[in-house]
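User: I have a chain open on my screen and would like to talk it through with you. Could you start with how far to trust it, and then go on to the fold?

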Amino acid sequence: MQGLRRCSNDIVPLGLSPAPTPPSPPGPPSNNPSSLSIDVAESAETRIRRLISEHPVIIFSRTSCCMCHVMKKLLATIGVHPTVIELDDDEIAALPSSSDDNNNEEQQQPCNTPPAVFIGGTCVGGLESLVALHLSGHLVPKLVQVGALWGKK
């Protein structure tokens, strides 16, 4: 099992099944590495929900997903660097479905289909939904509201 991995310059394997974790890369971490830790007693669903609640902006993707790359580039141009978790095919079923969210009027794509972006613990949807949110002028205020972006209006 490939397991969960955080995409960045350094990929950190975060297997959903018990496995030894590699040592932390040298240099300052881009996010709190302890929040990406794996508790082997947690189910995949519980781990994913915990990651969603601990990170203001998180994207769940498949390996080498071009839509995920576009999402990351869009957010980076705004000044946000999301946590990105790559899922294996068998782990995708652990993503919460859109019915799990109470406030998803803006959502155009179910969140149990990668890539799926969550902002402030709420499913936004896929690339199309993220771009629509940006073009409508609602993305930056939402990012400021959840603390992923400071001082922009």
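Analyst: pLDDT is the predictor's confidence in each residue, on a scale from 0 to 100, and contact here means heavy atoms within 4.5 Å. The model is a predicted one, and pLDDT stays under 50 over residues 4-13, a stretch for which the model nevertheless has 31 contacts beyond four places in sequence. Over residues 24-34 the pLDDT is also below 50, and that stretch has four contacts beyond near neighbours in sequence.

User: And what is the mean pLDDT of the protein chain?

Analyst: The mean is 74, and 63% of the residues of the protein chain reach 70 or more.

User: OK, now the fold. How many helices and strands are there, and in what order do the elements run?

Analyst: The protein chain has four helices and six strands, and from the N terminus on the order is β-β-α-β-α-β-β-β-α-α. Of the contacts with a separation of 6 or more, 53% are between residues 24 or more positions apart.

User: How much of the chain is buried, and how much area does it expose?

Analyst: Of the 153 residues, 41% count as buried, while the exposed area is about 8100 Å², of which carbon and sulfur atoms supply 54%.

User: Which residues touch the most other members in the largest nonpolar core?

Analyst: That core has 21 residues, and those touching the most other members are Val-57, Leu-75, Val-117, Ile-119, Leu-130, Leu-139 and Leu-143. Two or more residues each come from strand 3 (57-61), helix 2 (66-78), strand 5 (116-119), helix 3 (127-135) and helix 4 (139-145), and helix 2 gives the most, with five residues.

User: Take Leu-130, then: which residues is it in contact with?

Analyst: Leaving aside neighbours within four places in sequence, Leu-130 is in contact with Met-71, Leu-74, Leu-75, Val-117, Ile-119, Val-124 and Leu-139. Apart from the core just described lies another one, of 14 residues, among them Leu-51, Ile-52, Phe-60 and Leu-87.

User: Switching to cysteines, how many disulfides does the count come to?

Analyst: The count comes to zero disulfides. Cys-66 is in none, since the nearest cysteine sulfur, that of Cys-65, is 5.6 Å away, whereas a disulfide calls for a pair of sulfur atoms within 2.5 Å.

User: Why is Cys-68 not bonded to Cys-65?

Analyst: The sulfur of Cys-68 is 5.5 Å from that of Cys-65, its closest cysteine sulfur, and that is too far for a bond.

User: Are those two, Cys-66 and Cys-68, buried or exposed?

Analyst: Cys-66 is exposed, because its relative accessible area is 58%, whereas Cys-68 is buried, with a relative accessible area of 3%.

User: What about helix 1, where I see Arg-47 and Ser-53? Which of their side chains' polar atoms lie by a backbone oxygen?

Analyst: Both do: a polar atom of the Arg-47 side chain lies 2.7 Å from the backbone oxygen of Glu-42, and a polar atom of the Ser-53 side chain lies 2.8 Å from the backbone oxygen of Arg-50. Arg-47 lies in helix 1, which spans residues 44-54, and is buried, with a relative accessible area of 2%, while Ser-53, found in helix 1, is exposed at 59%.

User: How far is Ser-53 from Gly-121 in space?

Analyst: They are 5.2 Å apart, C-alpha to C-alpha, although 68 residues separate them in sequence. Gly-120 gives a similar picture, being 64 residues from Pro-56 in sequence and 4.7 Å from it in space, again C-alpha to C-alpha.

User: Where does Gly-120 lie, and what does it touch?

Analyst: Gly-120 lies in the loop between strand 5 and strand 6, and, not counting residues up to four places away in sequence, it touches Pro-56 and Val-146. Gly-120 is partly exposed, with a relative accessible area of 42%.

User: Last one: which peptide bond is cis around Pro-115?

Analyst: The bond from Pro-114 to Pro-115 is cis, with omega near -5 degrees, and Pro-115 lies in the loop between strand 4 (83-86) and strand 5. Most peptide bonds are trans. Pro-114 is also 8.7 Å from Gly-125, C-alpha to C-alpha, at 11 residues apart in sequence, and Gly-125, placed in strand 6 (residues 122-125), is buried, with a relative accessible area of 0%.

Note on methods
Residues numbered from 1 in each chain as written. Predicted model: local features only at pLDDT ≥ 70, side-chain atom pairs only at ≥ 80, totals over all residues. Heavy atoms only, no water. Buried < 20%, exposed > 50% of the residue type's maximum accessible area, 1.4 Å probe, protein only. Polar contact = N/O pair within 3.5 Å; in protein donor to acceptor, adjacent residues only side chain to side chain. Core = buried A, V, L, I, M, F, W, Y, C linked by side-chain atoms within 4.5 Å. Areas by Shrake-Rupley, 256 points an atom, 1.4 Å probe, with all protein chains shown as cover.
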